[in-house]
Amino acid sequence: MEKATTRFAPSPTGYIHIGNVRSAIYPYLVARQSGGKMILRIEDTDRERYVEGATELIEDTLKWLGLDWDEGPIVGGPSEPYFQSERLGIYMKWVQKLLDSGRAYADPTPAEKIDEYRKKCEQEKVPFLYRNFRPENPPKWEPGMPIRFKTEPKEYSWTDAVMGDMHTGPEVLDDIILIKKDGYPTYNFAHIVDDAEMGVTHVMRGVEYLSSTPNYLALYEAFGLERPVLVSLPHILAPTGNKKLGKRDGAKSATEYRDDGVLPEAMLNYLACLGWNDGTEQEIYTKEELIKSFSLDRIQNSGARYDETKLLWMNGQWIRRIFDEQGARALYDRTIGFWPAEAEEFPEEYRVKVLSIIYDRLKVLSDLKTMTTYFFKDPEVDVNMIVENKFLKKMSEAELEDLLKTSIRELTALEDWNADSLQEVLNNLLEKTGKKPAELFSLIRIALSFAPFSPALNLTLDTLGRETSLARLNRAAAAI
RNA sequence: GGUCUCGUAGUAUAGCGGUUAGUACAUCGGGUUUUCAUCCCGACAAUGCGGGUUCGACUCCCGCCGAGAUCACCA
């Protein structure tokens with residue numbers, strides 16, 4: 001495969017929400033698959049929408065997901081600078097070529113005049129094409145004047161890697177603005193220049209650019225540039241409605257998911273497989289597997305709906321996978337910052353042990369905060385949880401107290417306190433008391449944790465330790 | 001309105017003229033000595049509509065309907 005040079009070229013207008021990060025993932029996969037390069041370019045030509053700090057947010061997101069770039073901010077590269085706002089001279093140089101060859105012109109027409117033309121067309125119900133109102137004798141360009149492309153109406157055919165063969169007539173071509181009156185280039189112009197200068201082979205972007213493609217084709221032609229591979233990425237749709245996912249739908253930033261305890265592996269996996277599949281029934285992919293099996297022609301060509309439930313399911317899968325394949329310690333390293341405050345006072349070994357008995361219940365790492373508190377702090381005794389429990393409510397309070405005391409006695413007698421021996425004691429208790437597991441175990445479980453759920457009883461007892469376990473059971477027995 | 005794109009279960013998708021239309025999430029049952037979860041088993045559930053072409057159409061063609069994108073000195 002030819003080495004591909006791809007780029008992710010976001011505008012620093014705020015955080016990038018998950019609907020957008022997929023357009024960073026696919027270029028990355030293409031670049032890595034071919035052994036080529038991935039470029040990060042910041043398209044900051046709109047000074048009004050520019051948001052301070054947005055570039056750092058973008059960089060953070062990419063780094064978190066493990067999408068490293070070979071050229072761009074921080075790492076530099078042969079085509080520096082990678083901020084469009086610092087490349088103004090380059091754009092002027094390119095536009096000058098067009099000015100010289102008569103393929104671009106300075107446009108002195110005031111905005112009001114343009115509005116007038118547009119309204120006139122609306123009234124006459126004909127499409128508004130600026131090229132029909134081109135100034136006859138454009139002046140020599142001077143700062144403060146926009147520069148337009150002088151288009152040649154004609155038909156264009158091209159192949160979009162996702163959408164297939166495309167064809168359009170001359171009616172879609174117009175004299176687009178190349179340089180704005182503030183001296184900054186438009187996206188339409190700047191990305192052509194930058195992609196050419198940076199050797200980009202695959203232009204991957206959202207489908208919203210599909211209809212402007214003929215204008216880009218005209219520009220490539222005017223410059224004598226070879227067309228890159230054009231790739232239109234369908235939108236990710238909001239959970240409801242048929243609109244593309246956006247911040248208004250509450251689309252979170254990738255970093256918010258990170259802060260909730262979604263693993264980057266899961267996020268990458270989910271997003272990559274939203275609207276793409278390799279034809280097999282595989283669901284869980286590592287980054288390496290994605291790089292290996294990704295292909296542009298298997299990208300779906302209709303929008304895909306964002307489904308957070310599936311993301312969370314996938315995150316659970318990844319949590320278990322890391323635990324199973326890399327061990328408790330590896331998963332623990334990912335949980336720093338997600339524990340309840342009280343956990344800090346306990347040794348790390350203890351937290352690892354807690355993690356290893358509850359990890360299969362986690363959907364997101366922040367679940368640790370609510371699910372593990374009773375391992376670090378004595379829970380408040382709530383007798384109602386015992387007497388109203390569906391398995392226990394048929395027993396009298398005296399009976400419950402007696403059952404608990406019997407259990408305490410047997411457990412106290414146990415010298416070697418470990419998961420296996422505890423299970424033996426519990427089994428013996430079952431036999432001795434003639435109770436069902438649902439009854440006996442529920443009672444002990446609640447007396448220990450006063451939580452809606454907890455891990456297997458012997459593991460909970462073992463982790464809590466002999467002293468704490470017995471103290472809690474006694475406390476509960478006294479309260480009944 | 002012009003131009004372009006899309007249309008398989010609630011969701012994401014497989015399929016590429018002949019299948020009991022497969023898989024995953026979700027939902028609903030059941031199982032694994034308590035709960036929650038994991039895991040396992042099972043159930044429900046789809047080719048937008050109408051015409052062709054063909055022995056045969058989810059698949060090819062046309063029309064309709066529905067959805068989306070775009071028509072900026074925003075990207």
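Which residues are closest to RNA strand B?

**View 1. The surface near RNA strand B.** In this predicted model, local features need pLDDT of at least 70, side-chain atom pairs count only at pLDDT 80 or more, and totals for chains, interfaces and linings use all residues. Residues are numbered from 1 along each chain as its sequence is written, and chains are lettered from A and ligands numbered from 1 in the order in which they are written. The closest residues to RNA strand B are Tyr-187, Ser-302, Arg-305, Pro-437 and Phe-453, out of 64 that surround the RNA. A residue is near if its C-beta atom, placed from the backbone, lies within 6 Å of the strand. Elements giving two or more residues to this surface include strand E6 (164–168), helix H5 (187–198), helix H10 (308–326) and helix H17 (437–449). Helices (H or I, at least four residues) and strands (E, at least two) are DSSP runs, numbered from the N terminus. The surface holds 26 nonpolar, 20 polar and 18 charged residues. Asp, Glu, Lys and Arg count as charged; Ala, Val, Leu, Ile, Met, Phe, Trp, Tyr, Cys and Pro as nonpolar; the others, Gly among them, as polar.

**View 2. The largest nonpolar core of chain A.** This core has 92 residues. Ile-25, Met-267, Leu-271, Leu-443 and Ala-447 touch the most other members. A nonpolar core is a set of buried Ala, Val, Leu, Ile, Met, Phe, Trp, Tyr and Cys residues joined through C-beta atoms within 7 Å. Buried means that 20 or more other C-beta atoms, placed from the backbone, lie within 10 Å of the residue's own. Helix H1 (residues 18–34) gives the largest share of the core, nine residues. Leaving out residues up to four places away in sequence, Ile-25 touches Leu-67, Leu-268, Leu-271 and Ala-272. Contact means C-beta atoms, placed from the backbone, within 7 Å. Another core, of 20 residues, lies apart from the largest one and includes Tyr-105 and Tyr-216.

**View 3. Strand E2 (residues 37–40), covered on both faces.** Lys-37 and Ile-39 are buried on one side. Met-38 and Leu-40 are buried on the other. Strand E1 (residues 5–8) pairs with E2 in the parallel sense, over four bridges. Pairing requires at least two bridges found by DSSP. Thr-5 has Lys-37 of E2 as its bridge partner.

**View 4. The buried residues of helix H12 (residues 348–358).** They are Arg-351, Val-354, Leu-355, Ile-357 and Ile-358. These residues pack against helix H11 (328–333), helix H13 (367–371) and helix H18 (457–464).

Conventions
Buried ≥ 20, exposed ≤ 12 C-beta atoms within 10 Å, placed from the backbone. Contact = placed C-beta atoms within 7 Å.
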